[in-house]
Amino acid sequence: MIGSNIEKAINEQINAELFSAYIYKAMSAYFASENLMGMSRWMDIQSQEEMSHAMKFYDYLVERGGRVKLTALEEPPFEWDSPLSVFEAAYEHEQYITSRINHLTDLAISEKDHATNIMLQWFVSEQVEEEANAEEIVNKLKMIAESRHGLYMVDRELGSREAD
Ligand code: OFO
C-alpha cells in the first residue's frame, strides 16, 4: 500500500505529464499551421512520449494499490512568436518538469518509500535527456537566426524523428 502523501504527489505528476502531452500537441498544431511539418512531427512524437510518462506513473500507482485521480488540464498556449520561442518554451517547461521530479524524489526519500524512489530514478535520467534535446534545438535555431534556408534544414532534420 502506498502512503497518502506519495499517492497525492504522483496524481499531481500524472496531471503534469498529461499537460506536457497537451502543450506539445498544441505546439505541433502551431507548427502545422506554419507549414513546418518536420517540427510538427517532432512535437507530435514528443506529445506521445509524454503520454507514456503519464501512463508509467498511472500504472505504478495502480500496482502499488493507490487510487488514480484524473483532474482537469490547464489550457495550453495557442500562439508563439517564432519556432525559436516555441522551443525555448519547451526547454523551460522541461526544466520545470525536472524540478517537479526532483521534489517528488525528495518526498519519496523523506517518506522512506524506497520503491517509489527507485521508480523515479528512470525519470531523473529521462529528464537529463529531455532538457538536452530541447536545448540542442534552441541552440540550432539561434545559430540559423533569420535564415529561411536554415529553418528549412532544421525542419527537415526534426521531421526524421522516430517514435521510441
Ligand atoms: Fe515527461 O518529460 Fe517532458 O515533460
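**Figure 1. Lining of the largest pocket in the predicted model.** In this predicted model, the residues that line the largest pocket divide into eight nonpolar, two polar and five charged. The lining is made up of 15 residues, and those that lie nearest the centre of the pocket are Ser 82, Pro 83, Ala 145, Glu 146 and Leu 151. Three helices, α3 (83-110), α4 (114-144) and α5 (148-158), are the elements that give two or more residues to this lining. The largest share, three residues, comes from α4. The volume of this largest pocket is about 300 Å³.

**Figure 2. The second largest pocket and its charged lining residues.** The second largest pocket holds about 190 Å³ of space. Its lining consists of Trp 42, Glu 49, Glu 129, Asn 133, Glu 136, Ile 137, Lys 140, Glu 157, Leu 158, Arg 161, Glu 162 and Asp 164. Two or more of these residues come from each of the elements α2 (37-63), α4 and α5, and α4 gives the most, with five residues. Sorted by class, the lining of the second largest pocket has three nonpolar residues, one polar residue and eight charged residues. Two of the lining residues, Trp 42 and Arg 161, also meet in another way, for Arg 161 lies over the face of Trp 42 at 4.5 Å from the ring centre.

**Figure 3. Aromatic pairs that involve Phe 87.** A search of the whole structure finds six aromatic pairs, and this view is centred on two that have Phe 87 as a member. Phe 31 and Phe 87 form a stacked pair, with a distance of 5.6 Å centre to centre and an angle of 25° between the planes. Because Phe 31 lies in helix α1 and Phe 87 in helix α3, this pair ties together parts that are 56 residues apart in sequence. Both of these phenylalanines, Phe 31 and Phe 87, are buried. The rings of Trp 42 and Phe 87 have their centres 5.5 Å apart and their planes at 70°, and the pair is therefore edge-to-face. This second pair also links distant parts of the chain, with Trp 42 in helix α2 and Phe 87 in helix α3, 45 residues apart. Trp 42, like Phe 87, is buried. Phe 31, Trp 42 and Phe 87 belong to one aromatic cluster, which also includes Tyr 30 and Trp 80.

**Figure 4. A lysine over the ring of Trp 122.** In this view, Lys 56 lies over the face of Trp 122, and its distance from the ring centre is 4.1 Å.

**Figure 5. The cavity and the residues around it.** The search of the whole structure finds one cavity of 30 Å³ or more, and about 50 Å³ of space lies in this largest cavity. The residues that line the cavity are Tyr 24, Trp 42, Gln 46, Ala 90, Glu 94, Glu 130 and Ala 134. At least two residues of this lining are supplied by each of α2, α3 and α4. By class, the lining of the cavity has four nonpolar residues, one polar residue and two charged residues. Trp 42, which is buried, appears both in this lining and in that of the second largest pocket.

**Figure 6. Backbone turns with positive phi between helices.** Asn 35 lies in the loop between α1 (4-33) and α2, and its phi is near 60°, a positive value in a residue other than glycine. With a relative accessible area of 63%, Asn 35 counts as exposed because that value is over 50%. Ala 145 is found in the loop between α4 and α5, and it too is a residue other than glycine with a positive phi, here near 50°. Ala 145 is exposed as well, with a relative accessible area of 54%, and it is one of the residues nearest the centre of the largest pocket.

**Figure 7. Helix α3 and the residue Lys 112 just after it.** Helix α3 has 28 residues, which at 1.5 Å a residue should span 40 Å, and the end C-alpha atoms are 41 Å apart, in agreement with that expectation. Just after α3, Lys 112 takes a positive phi of about 55°.

Terms used. Residues numbered from 1 in each chain as written. Predicted model: local features only at pLDDT ≥ 70, side-chain atom pairs only at ≥ 80, totals over all residues. Heavy atoms only, no water. 1 Å grid on protein atoms, 1.4 Å probe; cavity = no way out; pocket = protein on both sides within 12 Å on 5 of 7 lines; lining within 4 Å. Points joined across faces, edges and corners; volume = space filled by probe spheres on them. Helix = DSSP H or I, 4+ residues; strand = E, 2+ residues; numbered from the N terminus. Nonpolar A, V, L, I, M, F, W, Y, C, P; charged D, E, K, R; others polar. Buried < 20%, exposed > 50% of the residue type's maximum accessible area, 1.4 Å probe, protein only. Expected span 1.5 Å × (residues − 1). Phe/Tyr/Trp six-rings, centres within 6.5 Å; stacked < 30°, edge-to-face > 60°. Lys NZ or Arg CZ within 6 Å of the ring centre and 35° of its normal.
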